[in-house]
Amino acid sequence: MSAAFQQLGFIGLGVMGEHMCRNLCRKAAQPVHVYDLHMQAMRRVQDDGAVARESVRDLAAHADVVFLSLPSIDHVEQVCLGADGLLSGERKPRLIVDTGTSDVARTRTLAARLAEHGVKFLDAPVARMPEAARDGTLLIMVGGAQADFETVRPLLDCMGSDVVLCGDTGCGQIVKIANNMVLMMNVAVLSEALLICERAGMDGRQLFDVLSIGSAASQALNVAGVRALAPRQFPEGRFSTSYALKDVTLASALADAAGVDASILARTRDLLQRAATQGDGQAYYPVLINQIATR
């Protein structure tokens with residue numbers, strides 16, 4: 001599959017990472033070494049041919065390229081630079097690909113530190129729902145050198161149907177943050193519209209059915225609106241309020257650095273923060289509508 005890399009690594013087998021790793025195992029036709037803190041997750045991907053490793057350091061000793069699917073930049077930095085991290089042993093991977101959503105400035109600093117050790121880096125955050133991770137139809141937004149992107153592109157294609165080089169290091173994160181910022185602000189707006197119209201006597205499901213064929217149509221309406229807001233269903237195990245809050249906080253940091261008065265973003269962040277504080281941190285993030293409803 002990839003002539004540049006003979007041995008692959010994957011760290012982080014969570015809601016998205018497990019599916020991504022399984023697709024890599026099935027489609028790459030190359031050994032995939034895996035590590036996760038949860039043994040059950042590693043056992044599940046072993047069914048697809050993955051090779052479980054005892055530690056991050058052990059995995060680094062076997063993999064030429066390592067994909068990370070981790071909750072935050074804190075975890076990414078620790079896995080890369082920690083005492084038992086990817087750089088701690090005699091053998092280091094040649095390329096590290098971070099598929100999580102991370103702080104832009106810290107991503108660029110990490111890439112520079114890895115380069116000092118001769119290790120290349122791509123930020124490659126993913127978008128779309130867990131079903132897309134399962135089906136290998138993710139949107140993958142990549143930041144880094146064109147040459148590095150081309151070498152790893154066949155492997156990214158195993159996990160995503162739309163793989164895009166967005167620019168230099170950090171640009172994948174910028175686009176992903178913008179994607180989620182716009183999505184979550186849309187959900188906040190849809191929540192306001194739904195409450196206004198319901199209280200005026202309109203059935204919420206009917207409202208969204210009509211909006212979906214008009215100029216207000218959007219993916220936010222078709223997914224979060226129809227499936228979550230209208231029926232008031234906010235299950236755990238989907239994109240949580242805590243993760244959404246992390247992403248809009250990253251967006252707020254970009255806005256502050258750019259000197260932009262992002263008032264709609266600030267409102268959305270406040271709604272998510274209050275939802276998390278009041279116990280909905282693990283619920284599907286459109287639960288923010290409850291914060292609008294109680295004011």
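In helix H5, the buried residues are Val104, Thr107, Leu110, Ala111 and Leu114. Seen down the helix axis, these residues fall within an arc of 120°, so they line one face of H5. The general reason is worth recalling: an α-helix makes a turn every 3.6 residues, so residues three or four places apart point the same way. On the face turned away from that buried side, H5 carries the exposed residues Ala105 and Glu116. Keep in mind as you turn the view that this is a predicted model.

What lies over the buried face of H5? The cover includes helix H4 (73-81), strand S5 (95-98), strand S6 (120-123), H8 and helix H11 (241-258). The helix itself runs over residues 104-116, and its 13 residues should span 18 Å at 1.5 Å a residue; the end C-alpha atoms are 19 Å apart, which agrees. Both ends of H5 have a detail to look for. At its start, a side-chain oxygen of Asp103 comes to within 3.1 Å of the backbone nitrogen of Ala105. Just after the helix, Gly118 adopts a positive phi of about 80°.

Helix H9, residues 204-211, can be read in a similar way. Its buried residues are Gly204, Leu207 and Phe208. They cover an arc of only 90° around the axis, which puts them on the same side of H9. Among the elements that cover them are helix H8 (171-199) and helix H10 (219-229). At the start of H9, a side-chain oxygen of Asp203 reaches to within 3.2 Å of the backbone nitrogen of Arg205.

H8 has now appeared as cover for H5 and for H9, and one of its own residues deserves a stop. Asn180 is found in H8, and at 6% relative accessibility it counts as buried, the cut-off being under 20%. Setting aside neighbours within four places in sequence, Asn180 is in contact with Phe239 and Asp247.

Another buried polar side chain belongs to Gln291, which sits in helix H13 (residues 289-293). Gln291 has a relative accessible area of 4% and is buried. Which side chain does Gln291 meet in a polar contact of 3.1 Å? The partner is Arg274. Beyond its neighbours within four places in sequence, Gln291 is in contact with Leu271, Arg274, Ala275 and Gln278.

Now move to strand S2, where Val34 is placed. Is Val34 buried or exposed? At 0% relative accessibility, Val34 counts as buried. Not counting residues up to four places away in sequence, Val34 touches Phe10, Leu13, Cys21, Met42, Val45, Ala50, Val51, Ala52, Arg53 and Leu59. As a distance to check in your viewer, the C-alpha atoms of Val34 and Ser55 are separated by 9.0 Å, with the two residues 21 apart along the chain.

Two loop residues have backbone angles to look at. Ala29 has a positive phi of about 55° although it is not a glycine. You will find Ala29 in the loop between helix H1 (17-28) and strand S2 (32-35), and at 72% relative accessibility it counts as exposed. Arg232 also has a positive phi without being a glycine, with a value near 55°. This residue is in the loop between H10 and H11. With a relative accessible area of 32%, Arg232 is partly exposed.

Finally, step back to the whole chain. The protein chain holds 13 helices and nine strands. Its radius of gyration is 20 Å, close to the 19 Å that the globule rule gives for 295 residues, so the chain is as compact as a globular protein of that length. Along the principal axes, the C-alpha atoms fill a box of roughly 65 × 45 × 35 Å. Of the 295 residues, 50% count as buried. Looking at contacts between residues at least 6 apart in sequence, 67% join residues at least 24 apart. The accessible surface comes to about 13200 Å², and carbon and sulfur atoms account for 52% of it.

Note on methods. Residues numbered from 1 in each chain as written. Predicted model: local features only at pLDDT ≥ 70, side-chain atom pairs only at ≥ 80, totals over all residues. Heavy atoms only, no water. Buried < 20%, exposed > 50% of the residue type's maximum accessible area, 1.4 Å probe, protein only. Helix = DSSP H or I, 4+ residues; strand = E, 2+ residues; numbered from the N terminus. Arc of directions from axis to C-beta. Contact = heavy atoms within 4.5 Å. Polar contact = N/O pair within 3.5 Å; in protein donor to acceptor, adjacent residues only side chain to side chain. Rg over C-alpha atoms; globule rule 2.2 N^0.38 Å. Areas by Shrake-Rupley, 256 points an atom, 1.4 Å probe, with all protein chains shown as cover. Expected span 1.5 Å × (residues − 1).
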